[in-house]
Amino acid sequence: MKPSASGKLMVNLNMSLSADFKLWEFVKSVTADQNGIKNLPNETETAHLRLLCQKILQPARKALGPLKISSGFRSAELNKLVGGAENSDHRLGYAADVIPYEAGTRKLAEWVVKNCPRFDQVILEFGTLQNPSWIHLSVAPRNRKQILRATYKNNRVVYTPIKL
């Protein structure tokens, strides 16, 4: 990131975060575009995204094939608009919601739990237990190793600890 002529920081969206991941994949958001929200991370948040790629996403991609980032970094404004938790790891660049192109979502979750010693959360979100809609992966420094399933109950999201 470098300052422009006006002194504002310019973000290189083609910046490599790892061998196969670029920054643009983590900031692209239809909701942000439709609402005129600049969804750009600062240097610290970008460093967190790089850590997420290096510790979880790049190894998973190498093992399981291409991964789609359905939700990555979220600015405060975007996070609020999509109903994200105020303290969401997406806000700080530590998390992404991921869908594998070639492997199943459950297989991705199982692979991360088994092969990535540094994870904070693996959340199997919605869908079914065997075929979640997507997997939330976090590398936040708490390193709690939480494995959860997200479902709706009475119009609220409920997180239940599970074993894989």
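Which strand supplies the largest share of the lining of the largest pocket? Let us look around this predicted model and find out, one close-up at a time.

**View 1. The largest pocket and its lining.** The answer is strand 5, which contributes three residues to the lining of the largest pocket. About 820 Å³ of space lies in this pocket. Its lining is made up of 33 residues, and those closest to the centre are Arg-74, Gly-84, Ala-85, Ser-88 and His-90. Several elements take part: helix 1, helix 2 (30-34), strand 3, helix 5, strand 5 (121-125), strand 6 and strand 8 (156-161) each give at least two lining residues.

**View 2. Arg-74, one of the residues closest to the pocket centre.** Arg-74 sits in the loop that runs between strand 3 and helix 4 (76-81). With a relative accessible area of 13%, Arg-74 falls under the 20% limit and therefore counts as buried. Its side chain makes a polar contact of 3.1 Å with the side chain of Ser-71. Looking beyond neighbours within four places in sequence, you will find Arg-74 in contact with Asn-39, Asn-79, Val-82, Gly-84, Ser-88, His-90, Arg-91 and Asp-97. Among these partners, Gly-84, Ser-88 and His-90 also belong to the group closest to the pocket centre.

**View 3. Asn-39, a contact partner of Arg-74.** Asn-39 belongs to the loop between helix 2 and helix 3, and its relative accessible area of 5% makes it buried. The side chain of Asn-39 meets two backbone oxygens: that of Val-27, 3.0 Å from one of its polar atoms, and that of Phe-73, also reached at 3.0 Å. Setting aside residues up to four places away in sequence, Asn-39 touches Phe-26, Val-27, Ala-32, Phe-73, Arg-74, Ser-75 and Leu-78.

**View 4. Helix 3 from end to end.** Here we follow the 22 residues of helix 3 (residues 43-64), whose end C-alpha atoms are 29 Å apart; at 1.5 Å a residue the helix should span 32 Å, so the two values agree. Along the way, do look for the kink of about 45°, which is centred on Cys-53. At the N-terminal end, Asn-42 acts as a cap, with a side-chain oxygen 3.0 Å from the backbone nitrogen of Thr-44. Just past the other end of the helix comes Gly-65, with a positive phi of about 100°.

**View 5. The buried residues of helix 3.** Glu-45, Thr-46, His-48, Leu-49, Leu-52, Cys-53, Ile-56, Leu-57, Gln-58, Ala-60 and Leu-64 are the buried residues of this helix. Cys-53 thus appears both in this list and at the centre of the kink. The buried residues pack against helices and strands alike: helix 1 (24-27), helix 5 (89-92) and helix 6 (105-115), together with strand 3 (67-71), strand 4 (95-100) and strand 6 (134-138).

**View 6. Two loop residues with positive phi, Lys-145 and Asn-154.** Most residues other than glycine have a negative phi. Lys-145, however, has a positive phi near 60°, and its place is in the loop between strand 6 and strand 7 (146-153). Asn-154 also has a positive phi, about 55°, and is found in the loop between strand 7 and strand 8. Which of the two labels, exposed or partly exposed, fits each residue? Lys-145 is partly exposed because its relative accessibility is 37%, whereas Asn-154 is exposed, with a relative accessible area of 70%.

Key. Residues numbered from 1 in each chain as written. Predicted model: local features only at pLDDT ≥ 70, side-chain atom pairs only at ≥ 80, totals over all residues. Heavy atoms only, no water. Helix = DSSP H or I, 4+ residues; strand = E, 2+ residues; numbered from the N terminus. Expected span 1.5 Å × (residues − 1). Bend = angle between axes of the 7 residues up to and from the residue. Buried < 20%, exposed > 50% of the residue type's maximum accessible area, 1.4 Å probe, protein only. Contact = heavy atoms within 4.5 Å. Polar contact = N/O pair within 3.5 Å; in protein donor to acceptor, adjacent residues only side chain to side chain. 1 Å grid on protein atoms, 1.4 Å probe; cavity = no way out; pocket = protein on both sides within 12 Å on 5 of 7 lines; lining within 4 Å. Points joined across faces, edges and corners; volume = space filled by probe spheres on them.
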